[in-house]
Amino acid sequence: MNIALCGFMGAGKTVVGKELAKIMGRKFADTDEMIENETGISIPAIFAARGEDYFRELEFEICKKAAGLKNAVISTGGGALTFDRNVEALKTGAKIVFLDASFDVICTRVGDGTSRPLFKNKENAKQLYDERREKYLAAADFVVDGDIAARKTAVYIADLFR
């Protein structure tokens, strides 16, 4: 069974995911990287050229592919598991773990938002965080504290699956 990590940007999905994969001797996969590798185009470029609807179609196909991996730790894009079809696709081959990081911790990790366009406006980011958090909670098989250090989080998740 795969382990899929979900959470808001800055929750630690990639850092915790890589650490967890190392601890458990599993392959690490990132759905955003999978999309970029398959298309040869960066996600911002996909959004700019083809729009969000096109990106979400690609994301759905990648979620189905990711569910078919064997013993992988999968880091999902921040918006991926806000769509029921992606949750259903992943659940065919993965347990979903929500890294529940507080908005304050996320703000610290993301910084001034230069690399994260959605963080240019903190109020909008907080509204998006609140909306998405409900969806992550609904999707999750397990909810873990995303505010603690990545290594501790990874060890905790590994223990859940042993």
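Which residues does A67 touch, not counting residues up to four places away in sequence? Keep that question in mind while we look around; the model on your screen is a predicted one.

**Stop 1: the whole chain**

Start with the full protein in cartoon view. You should find eight helices and five strands. Followed from the N terminus, the elements run β-α-β-α-α-α-β-α-β-α-α-β-α. The radius of gyration is 15 Å, close to the 15 Å that the globule rule gives for 162 residues, so the protein is as compact as a globular protein of that length. Turn the model and compare its directions: along the principal axes, the C-alpha trace spans about 40 × 35 × 25 Å.

Now switch on a surface. About 8200 Å² is exposed, and carbon and sulfur atoms supply 51% of that area. Buried residues make up 48% of the 162 residues. If you colour by charge, you will have 24 positive and 24 negative side chains to look at, and the centres of the two sets lie 5 Å apart.

Contacts are worth a look too. Among those with a separation of 6 or more, 73% are between residues 24 or more positions apart.

**Stop 2: A67**

Select A67, which is found in helix α4. Is A67 buried or exposed? With a relative accessibility of 9%, A67 counts as buried, because that value is under the 20% cut-off. Here is the answer to the opening question: A67 touches N2, A89, L90, T92 and G93, leaving aside residues up to four places away in sequence. For a distance to check in the viewer, pick the C-alpha atoms of A67 and E88: they are separated by 9.7 Å, with the two residues 21 apart along the chain.

**Stop 3: N2**

From A67, move to its partner N2, in strand β1, which covers residues 2-6. A polar atom of the N2 side chain lies 3.2 Å from the backbone oxygen of A67. At 1% relative accessibility, N2 counts as buried. Show its surroundings and you will find many neighbours: not counting residues up to four places away in sequence, N2 touches R26, A66, A67, L69, K70, N71, A72, I74, G93, A94 and K95.

**Stop 4: N71**

One of the residues that N2 touches is N71, so let us select that next. N71 sits in the loop between α4 (52-67) and β3 (72-75). Its relative accessible area of 43% makes N71 partly exposed. What is the phi of N71? The angle is near 50 degrees, a positive value in a residue other than glycine. As background, most residues other than glycine have a negative phi.

**Stop 5: T153**

Jump along the chain to T153, in helix α8 (residues 150-160). T153 has a relative accessibility of 2% and counts as buried. Beyond residues up to four places away in sequence, T153 touches V16, L99, V144, D145 and I148.

**Stop 6: N124**

For the last stop, select N124 in helix α7, which covers residues 122-139. N124 is partly exposed, with a relative accessible area of 47%. To end with a distance, pick F55 as well: the C-alpha atoms of N124 and F55 are separated by 21 Å, and the two residues are 69 apart along the chain.

Conventions:
Residues numbered from 1 in each chain as written. Predicted model: local features only at pLDDT ≥ 70, side-chain atom pairs only at ≥ 80, totals over all residues. Heavy atoms only, no water. Helix = DSSP H or I, 4+ residues; strand = E, 2+ residues; numbered from the N terminus. Buried < 20%, exposed > 50% of the residue type's maximum accessible area, 1.4 Å probe, protein only. Polar contact = N/O pair within 3.5 Å; in protein donor to acceptor, adjacent residues only side chain to side chain. Contact = heavy atoms within 4.5 Å. Rg over C-alpha atoms; globule rule 2.2 N^0.38 Å. Areas by Shrake-Rupley, 256 points an atom, 1.4 Å probe, with all protein chains shown as cover. Lys, Arg positive; Asp, Glu negative; His and termini not counted. Charge placed at Lys NZ, Arg CZ, Asp CG, Glu CD.
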